[in-house]
Amino acid sequence: MIKLFVGLGNPGPEYEDTRHNAGFWWIDALARELKVNLTPERSYFGLMARTSVRGESVWLLEPQTFMNLSGKSVGALARFFKIQPQEVLVVHDELDFAPGQVKLKRGGSHGGHNGLRDIHAQLGSPDYWRLRIGIGHPGHKAEVANWVLRKPAPDQRQLIEDSIAHSLKAWPELQAGDMDKATLLIHTTKPPRPKPARAASTEPGDPDKA
């Protein structure tokens with residue numbers, strides 16, 4: 001069962017539409033789905049919403065500590081409410097996936113992602129769930145820092161938004177702890193819609209030209 005949904009990003013209008021904030025975009029979409037508002041919570045160093053789903057408390061969190069200190073926020077909330085690592089889902093941008101791709105996994109390394117690195121340290125465990133939203137890779141390691149802090153091109157942003165909408169459909173299964181079904185829903189993508197065939201004319205022939 002997922003009790004704490006966390007989206008990673010950087011606070012401030014200058015970062016709002018950058019690739020590194022894909023996790024924030026997902027949590028914003030979930031907040032709209034659940035009809036809740038994220039509000040500042042100084043005790044947890046972030047924007048937070050708490051609601052009840054099927055009688056269970058659910059927390060939404062967007063750390064406002066900047067990416068590299070994301071664990072400060074996640075750890076503070078998880079410790080206070082006694083939320084275990086396996087009950088946490090962290091949504092973040094993923095360089096190794098193309099825009100439009102999204103994958104769910106549990107545990108593993110932080111893969112060089114500084115937000116995950118700090119969450120590892122603060123939770124004392126890598127055993128939490130991650131939802132990885134593809135943002136693509138610039139092609140060279142030296143360009144990564146600038147890449148994640150820039151806005152995606154409109155077509156890439158649309159693909160990212162589509163992947164968010166697709167994966168968001170699995171939130172009830174995530175919250176309920178049906179992770180096998182959630183994984184299946186998230187990892188199953190719809191094939192592209194075929195172009196409609198050109199319709200043949202059904203008008204009757206002209207008897208004068210028969």
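These legends go with close-up views of a predicted model.

**View 1. The largest pocket and the residues around it.**
Start with the open space: the largest pocket holds about 580 Å³. Its lining takes in 26 residues, and the ones nearest the pocket centre are H20, L95, G112, H113 and N114. Four elements each give two or more residues to that lining: the strands β5 (88-94) and β7 (129-134), plus the helices α3 (114-123) and α4 (144-148). Sorted by class, the lining comes out as 11 polar, 9 nonpolar and 6 charged residues.

**View 2. The second largest pocket.**
Here the volume is about 310 Å³. You'll find E16, F24, W25, D28 and E62 nearest the centre, out of 20 lining residues. Helices α1 (22-34) and α5 (154-168) supply at least two lining residues each. The class count for this lining is 9 nonpolar, 7 charged and 4 polar.

**View 3. Inside the largest nonpolar core.**
This core is built from 37 residues, and F5, W26, L60, L89 and L104 have the most contacts inside it. Helix α1 brings the largest share, with 9 residues. Zoom in on L89 and look past residues up to four places away in sequence: L89 touches I2, L4, F5, V6, W26, L104, W129, R130, L131 and L174. There is also a second, separate core of 19 residues, with V6, A78, I83 and L123 among them.

**View 4. Helix α2, mostly covered.**
Helix α2 spans residues 70-80, and 8 of its 11 residues are buried. Those buried positions are S70, G71, S73, V74, G75, A76, L77 and A78. What do the buried residues of α2 pack against? Their partners are the strands β1 (4-7), β3 (46-53) and β4 (56-63), together with helix α3. One of the buried α2 residues, A78, also turns up in the second core.

**View 5. Two loop residues with positive phi.**
Most residues other than glycine have a negative phi. F45 isn't a glycine, yet its phi is positive, about 55°. F45 sits in the loop between β2 (39-41) and β3. With a relative accessibility of 32%, F45 counts as partly exposed, because that label covers values from 20% to 50%. K82 is another non-glycine residue with a positive phi of about 55°. Look for K82 after helix α2, in the loop between α2 and β5. Is K82 buried or exposed? K82 counts as exposed, because its relative accessibility is 65% and the label applies over 50%.

**View 6. Q175, a buried side chain reaching a backbone oxygen.**
Q175 belongs to helix α6, residues 171-176. Its relative accessibility is 2%, so Q175 counts as buried; the cut-off for that label is under 20%. Which backbone oxygen does the side chain of Q175 reach? The backbone oxygen of V53, at 3.5 Å. Setting aside neighbours within four places in sequence, Q175 is in contact with M1, I2, F5, V53, R54, E56 and V58. One of these contacts, F5, is also among the residues with the most contacts inside the largest nonpolar core. Another, I2, is touched by L89 as well.

Methods:
Residues are numbered from 1 along each chain as its sequence is written. This is a predicted model: local features need pLDDT of at least 70, side-chain atom pairs count only at pLDDT 80 or more; totals for chains, interfaces and linings use all residues. Side-chain values use heavy atoms; hydrogens and water are left out. On a 1 Å grid over the protein atoms alone, a cavity is a set of points where a 1.4 Å probe fits but cannot get out, and a pocket is an open set with protein on both sides within 12 Å along at least five of seven lines; lining residues have an atom within 4 Å of a point. Grid points are joined across faces, edges and corners, and a volume is the space filled by probe spheres set on the points. Ala, Val, Leu, Ile, Met, Phe, Trp, Tyr, Cys and Pro count as nonpolar, Asp, Glu, Lys and Arg as charged, and the others, Gly among them, as polar. A nonpolar core is a set of buried Ala, Val, Leu, Ile, Met, Phe, Trp, Tyr and Cys residues joined through side-chain atoms within 4.5 Å. Buried means under 20% relative accessible area, exposed over 50%, partly exposed in between (1.4 Å probe, protein chains only). Contact means heavy atoms within 4.5 Å. A polar contact is a pair of N or O atoms within 3.5 Å; within protein, one must be able to donate a hydrogen and the other to accept it, and residues adjacent in sequence count only if both atoms are side-chain atoms.
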